[in-house]
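Here's a walk through one protein chain, written for someone who would rather look at the fold than at a list of numbers. Keep the 3D view open and follow along.

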Amino acid sequence: MLKDTHAFAVKGTTVNRPANMSRATNTSRATSVNRASLGLLLSVLMLGGLNVSAQAQDSPTQSAQTQDTQVQGAQTTSSSDQQAAAQVLDLLNQYSSDADWDKYFALYRKDGIFIGTDASERWGMAEFEHYSRPTKGWRYDLTERHLIQHGDVILFDELLNSPAYGVSRGTGTLIKTDGNWKIAQYHLSFPIPNEIAKQITIEIKAANKQ
(Lines give C-alpha, C1' and ligand atoms only; values in the text may rest on other atoms or scores of the structure.)
Protein backbone atom coordinates (compact mmCIF):
# COMPACT_ATOMS: atom_id res chain seq x y z
CA MET A 1 0.00 0.00 0.00
CA LEU A 2 1.04 3.60 -0.56
CA LYS A 3 1.92 5.50 2.61
CA ASP A 4 0.02 8.68 3.41
CA THR A 5 1.82 11.96 2.55
CA HIS A 6 2.24 14.37 5.51
CA ALA A 7 3.11 18.11 5.35
CA PHE A 8 5.28 19.46 8.19
CA ALA A 9 5.42 23.19 9.19
CA VAL A 10 8.36 24.60 11.15
CA LYS A 11 7.04 26.88 13.87
CA GLY A 12 8.77 30.14 14.92
CA THR A 13 10.65 30.56 11.69
CA THR A 14 10.09 33.45 9.29
CA VAL A 15 11.45 33.18 5.82
CA ASN A 16 11.23 35.89 3.19
CA ARG A 17 10.51 34.30 -0.14
CA PRO A 18 10.59 35.90 -3.56
CA ALA A 19 7.34 35.99 -5.49
CA ASN A 20 8.42 33.23 -7.85
CA MET A 21 9.45 31.11 -4.85
CA SER A 22 6.00 31.65 -3.31
CA ARG A 23 4.41 30.43 -6.53
CA ALA A 24 6.73 27.44 -6.46
CA THR A 25 5.71 26.79 -2.89
CA ASN A 26 2.05 27.00 -3.84
CA THR A 27 2.71 24.61 -6.69
CA SER A 28 4.53 22.26 -4.31
CA ARG A 29 1.60 22.43 -1.89
CA ALA A 30 -0.84 21.75 -4.70
CA THR A 31 1.30 18.79 -5.78
CA SER A 32 1.31 17.49 -2.19
CA VAL A 33 -2.48 17.84 -2.04
CA ASN A 34 -2.83 16.03 -5.34
CA ARG A 35 -0.56 13.26 -4.11
CA ALA A 36 -2.56 12.98 -0.90
CA SER A 37 -5.80 12.86 -2.89
CA LEU A 38 -4.32 10.22 -5.18
CA GLY A 39 -3.19 8.18 -2.17
CA LEU A 40 -6.67 8.42 -0.63
CA LEU A 41 -8.28 7.41 -3.93
CA LEU A 42 -5.96 4.41 -4.24
CA SER A 43 -6.74 3.40 -0.65
CA VAL A 44 -10.48 3.54 -1.37
CA LEU A 45 -10.02 1.49 -4.52
CA MET A 46 -7.92 -1.07 -2.66
CA LEU A 47 -10.49 -1.35 0.12
CA GLY A 48 -13.17 -1.80 -2.51
CA GLY A 49 -11.07 -4.54 -4.09
CA LEU A 50 -10.75 -6.29 -0.74
CA ASN A 51 -14.54 -6.23 -0.34
CA VAL A 52 -15.01 -7.68 -3.81
CA SER A 53 -12.40 -10.32 -3.03
CA ALA A 54 -14.17 -11.21 0.20
CA GLN A 55 -17.47 -11.54 -1.64
CA ALA A 56 -15.79 -13.72 -4.24
CA GLN A 57 -14.47 -15.95 -1.47
CA ASP A 58 -17.98 -16.27 -0.08
CA SER A 59 -19.38 -17.44 -3.44
CA PRO A 60 -17.65 -20.86 -3.56
CA THR A 61 -18.99 -21.60 -0.07
CA GLN A 62 -22.51 -20.84 -1.21
CA SER A 63 -22.02 -22.97 -4.34
CA ALA A 64 -20.68 -25.84 -2.25
CA GLN A 65 -23.74 -25.70 -0.02
CA THR A 66 -25.99 -25.84 -3.06
CA GLN A 67 -23.96 -28.70 -4.43
CA ASP A 68 -24.23 -30.53 -1.10
CA THR A 69 -27.99 -30.15 -1.25
CA GLN A 70 -28.03 -31.53 -4.78
CA VAL A 71 -25.84 -34.45 -3.72
CA GLN A 72 -28.16 -35.20 -0.82
CA GLY A 73 -31.08 -35.20 -3.21
CA ALA A 74 -29.21 -37.55 -5.52
CA GLN A 75 -28.48 -39.87 -2.60
CA THR A 76 -32.19 -39.97 -1.76
CA THR A 77 -33.02 -40.90 -5.35
CA SER A 78 -30.20 -43.41 -5.37
CA SER A 79 -31.51 -45.04 -2.19
CA SER A 80 -34.97 -45.37 -3.75
CA ASP A 81 -33.49 -46.88 -6.91
CA GLN A 82 -31.40 -49.33 -4.93
CA GLN A 83 -34.40 -50.47 -2.93
CA ALA A 84 -36.29 -51.12 -6.17
CA ALA A 85 -33.29 -52.99 -7.64
CA ALA A 86 -32.94 -55.08 -4.46
CA GLN A 87 -36.62 -56.03 -4.72
CA VAL A 88 -36.03 -57.25 -8.28
CA LEU A 89 -33.23 -59.52 -7.07
CA ASP A 90 -35.36 -60.77 -4.16
CA LEU A 91 -38.16 -61.64 -6.57
CA LEU A 92 -35.65 -63.38 -8.84
CA ASN A 93 -34.75 -65.80 -6.05
CA GLN A 94 -38.41 -66.25 -5.10
CA TYR A 95 -39.60 -66.98 -8.64
CA SER A 96 -36.74 -69.40 -9.34
CA SER A 97 -37.61 -71.28 -6.15
CA ASP A 98 -41.28 -71.43 -7.20
CA ALA A 99 -40.37 -72.28 -10.82
CA ASP A 100 -42.63 -69.38 -11.86
CA TRP A 101 -40.81 -68.87 -15.14
CA ASP A 102 -43.09 -66.25 -16.69
CA LYS A 103 -42.53 -63.88 -13.77
CA TYR A 104 -38.87 -64.91 -13.48
CA PHE A 105 -37.94 -64.02 -17.05
CA ALA A 106 -39.99 -60.81 -16.93
CA LEU A 107 -37.31 -59.50 -14.56
CA TYR A 108 -34.64 -59.69 -17.30
CA ARG A 109 -34.06 -57.44 -20.26
CA LYS A 110 -34.80 -59.08 -23.59
CA ASP A 111 -31.09 -58.89 -24.42
CA GLY A 112 -30.10 -60.15 -20.97
CA ILE A 113 -27.33 -62.68 -20.37
CA PHE A 114 -27.14 -65.47 -17.78
CA ILE A 115 -23.73 -66.93 -16.96
CA GLY A 116 -23.92 -70.23 -15.09
CA THR A 117 -21.40 -72.10 -13.01
CA ASP A 118 -20.13 -74.17 -15.93
CA ALA A 119 -17.69 -72.46 -18.31
CA SER A 120 -19.98 -73.30 -21.25
CA GLU A 121 -23.02 -71.62 -19.71
CA ARG A 122 -23.25 -68.20 -21.24
CA TRP A 123 -26.83 -67.98 -22.36
CA GLY A 124 -29.12 -65.42 -23.93
CA MET A 125 -32.70 -65.40 -22.76
CA ALA A 126 -33.94 -67.91 -25.35
CA GLU A 127 -31.24 -70.43 -24.40
CA PHE A 128 -31.72 -69.85 -20.70
CA GLU A 129 -35.50 -70.33 -20.93
CA HIS A 130 -34.96 -73.53 -22.91
CA TYR A 131 -32.80 -74.80 -20.05
CA SER A 132 -34.97 -73.54 -17.18
CA ARG A 133 -38.59 -74.25 -18.07
CA PRO A 134 -38.37 -78.07 -17.92
CA THR A 135 -36.86 -77.88 -14.40
CA LYS A 136 -38.58 -77.59 -11.03
CA GLY A 137 -36.55 -74.50 -10.21
CA TRP A 138 -33.70 -73.85 -7.80
CA ARG A 139 -33.42 -72.25 -4.41
CA TYR A 140 -30.88 -69.63 -3.32
CA ASP A 141 -31.37 -67.76 -0.04
CA LEU A 142 -29.82 -64.33 0.33
CA THR A 143 -27.03 -63.93 2.89
CA GLU A 144 -25.39 -60.64 1.90
CA ARG A 145 -25.74 -58.09 -0.91
CA HIS A 146 -23.93 -54.98 -2.18
CA LEU A 147 -25.26 -52.49 -4.73
CA ILE A 148 -23.31 -49.76 -6.54
CA GLN A 149 -25.22 -47.28 -8.70
CA HIS A 150 -23.91 -45.31 -11.69
CA GLY A 151 -26.85 -43.36 -13.04
CA ASP A 152 -29.25 -45.80 -14.70
CA VAL A 153 -26.90 -48.74 -14.07
CA ILE A 154 -26.58 -50.73 -10.85
CA LEU A 155 -23.82 -53.27 -10.24
CA PHE A 156 -24.48 -55.91 -7.61
CA ASP A 157 -22.82 -58.79 -5.87
CA GLU A 158 -24.48 -61.09 -3.36
CA LEU A 159 -23.68 -64.11 -1.28
CA LEU A 160 -26.33 -66.82 -1.34
CA ASN A 161 -26.90 -70.12 0.40
CA SER A 162 -28.09 -73.06 -1.67
CA PRO A 163 -29.47 -76.24 -0.04
CA ALA A 164 -27.81 -78.16 -2.87
CA TYR A 165 -24.46 -76.35 -3.20
CA GLY A 166 -23.93 -74.32 -0.03
CA VAL A 167 -22.29 -70.90 -0.32
CA SER A 168 -22.86 -69.39 -3.77
CA ARG A 169 -22.28 -65.98 -5.30
CA GLY A 170 -24.37 -63.96 -7.72
CA THR A 171 -22.99 -60.92 -9.52
CA GLY A 172 -24.38 -58.84 -12.32
CA THR A 173 -25.87 -55.65 -13.67
CA LEU A 174 -29.29 -54.03 -13.65
CA ILE A 175 -30.26 -51.29 -16.09
CA LYS A 176 -33.22 -48.96 -15.69
CA THR A 177 -35.40 -49.81 -18.67
CA ASP A 178 -38.65 -47.93 -19.35
CA GLY A 179 -38.67 -46.74 -15.74
CA ASN A 180 -38.11 -50.19 -14.23
CA TRP A 181 -34.96 -52.00 -13.15
CA LYS A 182 -34.23 -55.02 -15.34
CA ILE A 183 -31.43 -57.56 -15.09
CA ALA A 184 -28.98 -57.18 -17.96
CA GLN A 185 -26.54 -59.83 -16.72
CA TYR A 186 -26.50 -62.38 -13.93
CA HIS A 187 -23.49 -64.56 -13.12
CA LEU A 188 -23.80 -67.44 -10.67
CA SER A 189 -20.61 -68.94 -9.23
CA PHE A 190 -19.33 -71.05 -6.35
CA PRO A 191 -16.64 -69.24 -4.29
CA ILE A 192 -13.66 -71.50 -3.56
CA PRO A 193 -11.84 -71.13 -0.21
CA ASN A 194 -8.18 -70.31 -0.74
CA GLU A 195 -7.10 -73.33 1.29
CA ILE A 196 -8.56 -75.77 -1.22
CA ALA A 197 -8.33 -73.66 -4.39
CA LYS A 198 -5.41 -75.63 -5.90
CA GLN A 199 -7.08 -78.94 -5.15
CA ILE A 200 -10.31 -77.84 -6.80
CA THR A 201 -8.60 -76.32 -9.85
CA ILE A 202 -6.61 -79.53 -10.35
CA GLU A 203 -9.91 -81.44 -10.43
CA ILE A 204 -11.35 -78.90 -12.86
CA LYS A 205 -8.35 -79.26 -15.16
CA ALA A 206 -8.69 -83.03 -15.06
CA ALA A 207 -12.41 -82.82 -15.85
CA ASN A 208 -11.75 -80.53 -18.82
CA LYS A 209 -9.27 -83.06 -20.28
CA GLN A 210 -11.88 -85.82 -20.32
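## Salt bridges and the sheet

With a relative accessibility of 29%, Asp 141 falls in the partly exposed class. Its side chain meets that of Arg 139 in a salt bridge, at 3.0 Å from N to O. Arg 139 is partly exposed too, at 47% relative accessible area. Before going further, bear in mind that this is a predicted model.

Let's zoom out for a moment. The protein chain has four helices and six strands, and along the sequence they come in the pattern α-α-β-β-α-β-β-β-β-α. Of its 210 residues, 22% count as buried. The chain exposes about 15200 Å², and carbon and sulfur atoms supply 53% of that area. If you take contacts between residues at least 6 apart in sequence, 45% of them join residues at least 24 apart.

Now for the sheet. All six strands go into an open sheet with mixed pairing, and the order across it is 2-1-6-5-4-3. At the edges sit strand 2 (122-124) and strand 3 (141-150), each of which pairs on one side only. From one strand to the next, the twist averages 20 degrees. Helix 3 (residues 125-132) lies across strand 1 (108-115) and strand 2, and runs at about 105 degrees to strand 2.

Strands 3 to 6 are easy to trace by their pairings. Strand 3 and strand 4 run antiparallel and are joined by nine bridges; here His 150 stands opposite Val 153. The two strands form a hairpin with two residues between them, and Gly 151 in the turn has a positive phi of about 65 degrees. Next, strand 4 pairs with strand 5 in the antiparallel sense over ten bridges, with Ser 162 opposite Gly 166. That hairpin goes through three residues. Finally, strand 5 (residues 166-177) and strand 6 (residues 180-189) pair antiparallel over nine bridges, and Leu 174 faces Ile 183 across that pairing.

Which residues of strand 4 are on the covered face, and which are on the uncovered one? In strand 4 (residues 153-162), Ile 154, Phe 156, Glu 158, Leu 160 and Ser 162 make up the covered face, while Val 153, Leu 155, Asp 157, Leu 159 and Asn 161 make up the uncovered one.

Glu 158 comes up again when you look at Leu 142, a strand 3 residue. Leu 142 and Glu 158 are 16 residues apart in sequence, but their C-alpha atoms are 7.3 Å apart in space. Leaving out neighbours within four places in sequence, Leu 142 is in contact with Asp 90, Glu 158, Leu 159 and Leu 160. Even with those contacts, Leu 142 is partly exposed, at 38% relative accessible area.

Back to the charges. Side chains of opposite charge can pair when their charged atoms come close. A search of the whole structure finds eight salt bridges, and three of the pairs are set out here.

| Salt bridge | Closest N to O distance |
|---|---|
| Asp 90 and Arg 145 | 3.0 Å |
| Arg 133 and Asp 102 | 3.1 Å |
| Asp 141 and Arg 139 | 3.0 Å |

The pair of Asp 90 and Arg 145 links distant parts of the chain: Asp 90 is in helix 1 (residues 19-98) and Arg 145 is in strand 3, 55 residues apart. Is each partner buried or partly exposed? Arg 145 is buried, because its relative accessible area of 18% is under the 20% cut-off. Asp 90 is partly exposed, at 37%. Together with Glu 158, Asp 90 and Arg 145 are linked in a network of salt bridges.

As for Arg 133 and Asp 102, Arg 133 lies in the loop between helix 3 and strand 3 and Asp 102 in helix 2 (residues 101-106), so their bridge ties together parts that are 31 residues apart in sequence. Arg 133 is partly exposed, with a relative accessible area of 37%, whereas Asp 102 is exposed, at 56%.

One last stop is on the surface. Ile 192, Ile 196 and Ile 204 make a nonpolar patch of about 220 Å². Ile 192 sits in the loop between strand 6 and helix 4 (197-209), and this residue is partly exposed, with a relative accessible area of 36%.

Terms used. Residues numbered from 1 in each chain as written. Predicted model: local features only at pLDDT ≥ 70, side-chain atom pairs only at ≥ 80, totals over all residues. Heavy atoms only, no water. Pairing = 2+ DSSP bridges. Axes fitted to C-alpha atoms, helices over the stretch in contact; angles between N-to-C directions. Contact = heavy atoms within 4.5 Å. Patch = residues over 30% accessible without salt bridge, like charges linked within 9 Å, V, L, I, M, F, W, Y side chains within 5 Å. Areas by Shrake-Rupley, 256 points an atom, 1.4 Å probe, with all protein chains shown as cover. Salt bridge = Lys/Arg side-chain N within 4 Å of Asp/Glu carboxyl O. Buried < 20%, exposed > 50% of the residue type's maximum accessible area, 1.4 Å probe, protein only.
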